[in-house]
Amino acid sequence: KDAPLLLEHPTIKKIAEKHGKTPAQVLLRWATQRNVAVIPKSNNKERLAQNLDVLGFDLKEEDMKEIKGIDRGLRFNDPLNYGVAQPIWV
């Protein structure tokens with residue numbers, strides 16, 4: 001409940017400013033650099049272009065560690081919360 005939105009988190013904003021990118025681009029790049037598939041949603045042409053630009057830069061290892069340090073053990077998409085009897089990866 002007291003966790004700030006990731007798009008507004010000071011660490012994310014600092015890294016975004018350092019790279020000249022938006023917080024959303026930093027979060028998308030963090031996921032893709034970890035080989036996690038992401039499907040961003042937007043109807044806004046500017047944001048669509050920004051989403052495509054996330055492969056145009058790399059986060060440094062120190063950036064990746066800082067973002068990982070934000071972890072508070074929260075899960076936002078837990079398959080068990082959607083009535084799935086067993087994890088989908090089994």
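Here are a few exercises with worked solutions on this predicted model.

**Exercise 1: Get the layout**

Work out how many helices and strands the protein has, and in what pattern they run.

*Solution.* Start by counting: there are four helices and zero strands. Next, walk along the sequence, and the pattern reads α-α-α-α. Now look at the contacts with a separation of 6 or more: 61% of them are between residues 24 or more positions apart. To finish, check the surface. About 7200 Å² is exposed, with carbon and sulfur atoms supplying 54% of it, and 24% of the 90 residues count as buried.

**Exercise 2: Find the core**

List the residues of the largest nonpolar core, then say which helix gives the largest share.

*Solution.* First, pick out the members. There are 10 residues: Ile-12, Ile-15, Ala-16, Val-26, Leu-27, Phe-57, Leu-59, Met-64, Ile-67 and Ile-70. Second, sort them by helix: H1 (10-19), H2 (23-33) and H4 (61-68) each bring at least two. The largest share, three residues, belongs to H1. Third, zoom in on one member, Ile-70. Skipping neighbours within four places in sequence, Ile-70 touches Leu-6, His-9, Thr-11 and Ile-12.

**Exercise 3: Look at H2**

Which residues of H2 are buried, and what covers them?

*Solution.* Go down the helix and you'll find Gln-25, Val-26, Leu-27, Leu-28, Arg-29 and Ala-31 buried. Then look around them: the cover includes H1, H3 (45-52) and H4. Last, step just past the end of H2, where Asn-35 has a positive phi of about 65°.

**Exercise 4: Asp-63, buried or exposed?**

Place Asp-63 in the fold, decide whether Asp-63 is buried or exposed, and list its contacts.

*Solution.* Asp-63 sits in helix H4. The cut-off for buried is under 20% relative accessible area. Asp-63 comes in at 0%, so it counts as buried. For its contacts, leave out neighbours within four places in sequence; that gives Ile-15, Lys-18 and His-19.

**Exercise 5: A serine in a loop**

Say where Ser-42 lies, why Ser-42 counts as buried, and what Ser-42 touches.

*Solution.* Ser-42 is in the loop between H2 and H3. Ser-42 counts as buried because its relative accessibility is 18%, and the cut-off is under 20%. Now check its side chain: a polar atom there lies 3.0 Å from the backbone nitrogen of Asn-44. Beyond neighbours within four places in sequence, Ser-42 is in contact with Arg-47, Leu-48 and Asn-51.

Terms used
Residues numbered from 1 in each chain as written. Predicted model: local features only at pLDDT ≥ 70, side-chain atom pairs only at ≥ 80, totals over all residues. Heavy atoms only, no water. Core = buried A, V, L, I, M, F, W, Y, C linked by side-chain atoms within 4.5 Å. Buried < 20%, exposed > 50% of the residue type's maximum accessible area, 1.4 Å probe, protein only. Contact = heavy atoms within 4.5 Å. Areas by Shrake-Rupley, 256 points an atom, 1.4 Å probe, with all protein chains shown as cover. Polar contact = N/O pair within 3.5 Å; in protein donor to acceptor, adjacent residues only side chain to side chain.
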